[in-house]
Amino acid sequence: MGSLKVYYSSVTGSRQVRQRQAEVRRILDVNRLRYELIDVSVSEGRLREMREKAGDPQALPPQICNGDEYCG
């Protein structure tokens, strides 16, 4: 198993995005899965990386990857 990465944004005006991010983290925490949080709001490069892995130039956080494999 690769390292689990969760792309999220610490700065968002969307309540829906905040709720989705919180739900993803709750699920991972309850299942005691280790993951790395990557904040896409700190650099354009991280946002671009997330969107490339998702295969969607308009993708919004949260997005999850297991190593280099996109999970959703």
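These exercises walk through the fold, the cores and two backbone details of a predicted model.

Local features need pLDDT of at least 70 and side-chain atom pairs count only at pLDDT 80 or more, while totals for chains, interfaces and linings use all residues. Residues are numbered from 1 along each chain as its sequence is written, and side-chain values use heavy atoms, leaving out hydrogens and water.

**Exercise 1. List the elements of the chain in order, then judge its compactness.**

Step 1. Count the elements: the chain has 2 helices and 4 strands. Both are DSSP runs numbered from the N terminus: helices are H or I with at least four residues, strands are E with at least two.

Step 2. Read from the N terminus: the order is β-α-β-α-β-β.

Step 3. Compare the radius of gyration, 12 Å, with the 11 Å that the globule rule gives for 72 residues; the two are close, so the chain is as compact as a globular protein of that length. The radius is taken over C-alpha atoms, and the rule is 2.2 Å times the number of residues to the power 0.38.

**Exercise 2. Describe how β1 and β2 are arranged.**

Step 1. Strand β1 (residues 4–8) pairs with β2 in the parallel sense, over 5 bridges. Pairing requires at least two DSSP bridges between two strands.

Step 2. Pick one bridge: Lys5 has Glu36 in β2 as its partner.

Step 3. Follow the chain from β1 through α1 to β2: this β-α-β crossover is right-handed. That is, with the strands pointing away from the viewer, the path from the first strand over the helix to the second runs clockwise.

**Exercise 3. Find the nonpolar cores.**

Step 1. Apply the rule: a nonpolar core is a set of buried Ala, Val, Leu, Ile, Met, Phe, Trp, Tyr and Cys residues joined through side-chain atoms within 4.5 Å. Buried means under 20% relative accessible area, exposed over 50%, partly exposed in between (1.4 Å probe, protein chains only).

Step 2. The largest core has 8 residues, among them Tyr7, Ile38, Leu47 and Cys65. Helix α2 gives the most to this core, with 3 residues.

Step 3. A second, separate core has 5 residues, including Leu4, Val6, Val24 and Ile64.

**Exercise 4. Locate two backbone details in the loops.**

Step 1. Arg32 is not a glycine, yet has a positive phi of about 55°. Arg32 lies in the loop between α1 (15–30) and β2 (35–39). Its relative accessible area is 77%, so Arg32 is exposed.

Step 2. Pro61 and Pro62 are joined by a cis peptide bond, with omega about 0°. Pro62 sits in the loop between α2 (44–54) and β3 (63–66).
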